[in-house]
Amino acid sequence: MRGTVAGLPSAHPLGEFLPGIYLDDPFVQRWTAGMDDILAPVFVTLDALYTYIDPALAPADFLGWLAGWVDADTDEQWPPERLRAVVAAAVGLHARRGGVMALREHIRRVCDCEVEVVESGGARWSRTPDTTAPGEPVPRLVVLVPADRWDTVTRQRIARAVEAMCPAHIPFELARQGR
């Protein structure tokens, strides 16, 4: 749990920054020392802020909050190493969101499961207008889940992962691979 550290010295004592007339005043120095006790954890945190936003360095109890910042799909039961890896990969995955490779990677990281993704659409460029595009006219996505991972908990987790990464207008279905 995050908290204060008793006796933590301030890296920036307020009493030293006062005008000269207050440097020898014991009351003012005691009052600013009290403020230093309150502000010392803030200064330490701000001086080391980069460690809080780097998943490799962030304190273990801060990883869940960091996961929320980058919209990473996580589980409270995961060990910190796995949580760090998923949080670190989340930003890069968001940049490729909607692509099949990003979806497969997201499912692999979040569900610890290798899946096959079959999409119905295609894209093509042509100088001739009104040409027929490849693929099916109605977009859809089929995620083939290995038979050994076809349990309810894994299917629900994969469905949430697909919903998080798949464009909203594309329906999807989960199917058992190798029936």
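# A tour from salt bridges to sheet

Begin by selecting Arg96, Glu105 and Arg109, which are linked in a network of salt bridges, a salt bridge being a side-chain nitrogen of Lys or Arg within 4 Å of a carboxyl oxygen of Asp or Glu. What you see is a predicted model, in which local features need pLDDT of at least 70 and side-chain atom pairs count only at pLDDT 80 or more, while totals for chains, interfaces and linings use all residues. Residues are numbered from 1 along each chain as its sequence is written, and side-chain values use heavy atoms, with hydrogens and water left out.

Within this network, look at the side chains of Glu105 and Arg96, which meet in a salt bridge at 2.7 Å from N to O. Glu105 counts as buried at 17% relative accessibility, whereas Arg96 counts as partly exposed at 39%; here buried means under 20% relative accessible area, exposed over 50%, and partly exposed in between, with a 1.4 Å probe and protein chains only.

Next, select Arg108 and Glu114, whose closest N and O atoms are 3.5 Å apart in another salt bridge. Arg108 is partly exposed at 34% relative accessibility, and Glu114 is also partly exposed, at 47%. Asp112 is found in the loop between H6 and S1, has a positive phi near 55 degrees although it is a residue other than glycine, and counts as exposed at 53% relative accessibility.

Now colour the sheet, an open one of 3 strands in the order S1-S2-S3 with mixed pairing. Its edge strands are S1 (116-119) and S3 (172-177), each of which pairs on one side only. Helices (H or I, at least four residues) and strands (E, at least two) are DSSP runs, numbered from the N terminus, and two strands pair if DSSP finds at least two bridges between them. Strand S2 (residues 141-146) runs antiparallel to S1, and 4 bridges join the two; zoom in on Val118, which stands opposite Val142 in S2.

Add helix H6 (residues 100-111), which packs on the sheet by touching S1 and S2, its direction making about 150 degrees with that of S1. Then show helix H7 (residues 152-165), which lies across S2 and S3 and runs at about 140 degrees to S3. Contact means heavy atoms within 4.5 Å, and the angles run from 0 to 180 degrees between N-to-C directions of lines fitted to C-alpha atoms, for helices over the stretch in contact.

From H7, follow Arg157 to Asp73, since the side chains of these two residues meet in a salt bridge of 3.8 Å, N to O. The pair links distant parts of the chain, with Asp73 in the loop between H4 and helix H5 (80-95) and Arg157 in helix H7, 84 residues apart. Asp73 is buried at a relative accessible area of 18%, and Arg157 counts as buried at 11% relative accessibility. The loop between H4 and H5 also holds Asp71, which has a positive phi of about 55 degrees although it is not a glycine.

Finish on the surface by selecting Tyr50, Ile53, Leu57, Trp65 and Trp69, which form a nonpolar patch with about 630 Å² of accessible area together. Helix H3 (49-53) and helix H4 (63-69) are the elements that give two or more residues to this patch. Patches are made of residues with over 30% relative accessible area and no salt bridge, like charges being joined within 9 Å and nonpolar side chains (Val, Leu, Ile, Met, Phe, Trp, Tyr) within 5 Å; accessible areas come from the Shrake-Rupley method with a 1.4 Å probe, and for residues only the protein chains shown count as cover.
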